[in-house]
Amino acid sequence: MEIRVDDLTGEQVQALIAVHLQGMSADSPPESVHALNLDGLRRPDVTFWSLWEDGELLGIGALKELNGEHGEIKSMRTSAAHLRKGAARRILEHILEVAKERGYQRLSLETGTPESFWPARKLYEKLGFEYTGPFADYVEDPYSVFMTKEL
């Protein structure tokens with residue numbers, strides 16, 4: 001598996017982002033969807049990675065800098081054809097490594113409460129993320145849970 005900083009121009013990457021956005025909108029009302037679109041992922045405070053194997057896109061993930069000590073995980077998604085192969089874990093571990101290299105003290109994320117989000121939440125728990133309250137500009141929302149890991 002190869003992780004690359006990605007410029008978001010490839011068709012496979014754009015297609016997986018579209019699937020990601022559709023999935024978020026299918027399980028949550030519009031005001032509770034916090035996924036970034038292509039323009040949001042291209043912002044200078046966001047680093048976006050793609051994970052590849054033998055020319056196939058396995059998954060994606062991004063890290064948004066909130067400030068010099070705090071980052072946010074964004075846009076974690078595994079291609080449906082590659083679920084349960086360790087792709088999400090590999091991307092998340094990479095993001096954790098980069099966050100530590102950048103000197104972040106904390107890494108946070110927002111994810112959903114519907115059942116479709118449970119596998120992601122279990123992965124975050126396994127890698128040491130704990131449930132917390134809203135951070136940054138988020139507010140309490142019955143469709144959101146917030147998790148943080150001290151680095």
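Two strands count as paired if DSSP finds at least two bridges between them, and strands themselves are DSSP runs (E, at least two residues), just as helices are runs of H or I of at least four residues, numbered from the N terminus. With that in hand, let's work through some exercises.

This is a predicted model, in which local features need pLDDT of at least 70, side-chain atom pairs count only at pLDDT 80 or more, and totals for chains, interfaces and linings use all residues. Residues are numbered from 1 along each chain as its sequence is written, and side-chain values use heavy atoms, with hydrogens and water left out.

**Exercise 1. Describe the overall fold of the protein.**

Step 1: Take stock of the elements. The protein has four helices and seven strands.

Step 2: Put them in sequence order. The pattern reads β-α-α-β-β-β-α-β-α-β-β.

Step 3: Judge the compactness. The radius of gyration, taken over C-alpha atoms, is compared with the globule rule of 2.2 Å times the number of residues to the power 0.38. The protein has a radius of gyration of 14 Å, close to the 15 Å that the rule gives for 151 residues, so it is as compact as a globular protein of that length.

Step 4: Add the dimensions. Along its principal axes, the C-alpha trace spans about 40 × 35 × 30 Å.

Step 5: Look at contacts, meaning heavy atoms within 4.5 Å. Of the contacts between residues at least 6 apart in sequence, 63% join residues at least 24 apart.

**Exercise 2. Trace the pairing from strand β1 to strand β4.**

Step 1: Start with β1 (residues 2-5). Four bridges join β1 to β2 in an antiparallel arrangement, and Val5 has Trp49 of β2 as its bridge partner.

Step 2: Move on to β3 (residues 56-67). This strand pairs with β2 in the antiparallel sense over eight bridges. Trp49 has Gly61 of β3 as its bridge partner, while Trp52 stands opposite Leu57.

Step 3: Inspect the turn. β2 and β3 form a hairpin with two residues between them, and Asp54 in the turn has a positive phi of about 50°.

Step 4: Finish with β4 (residues 70-78). Seven bridges join β3 to β4, again running antiparallel, with Gly59 opposite Thr78. These two strands also form a hairpin with two residues between them.

**Exercise 3. Work out how enclosed strand β2 is, then examine Thr47.**

Step 1: Set the scale. Buried means under 20% relative accessible area, exposed over 50%, and partly exposed in between (1.4 Å probe, protein chains only).

Step 2: Apply it to β2 (residues 46-53). Seven of its eight residues are buried, so this strand is largely enclosed by the rest of the structure.

Step 3: Zoom in on Thr47, which sits in β2. Its relative accessibility is 17%, so Thr47 counts as buried.

Step 4: List the company. Leaving aside neighbours within four places in sequence, Thr47 is in contact with Val5, Gly61, Ala62, Leu63 and Arg102.

Step 5: Check for a polar contact (a pair of N or O atoms within 3.5 Å; within protein, one must be able to donate a hydrogen and the other to accept it, and residues adjacent in sequence count only if both atoms are side-chain atoms). The side chains of Thr47 and Arg102 are joined by one of 2.7 Å.

**Exercise 4. Place Ile91 in its surroundings.**

Step 1: Locate Ile91 in helix α3 (residues 87-101).

Step 2: Classify it. With a relative accessible area of 2%, Ile91 is buried.

Step 3: Find its contacts. Beyond neighbours within four places in sequence, Ile91 touches Ile3, Leu51, Gly59, Ile60, Gly61 and Met76.
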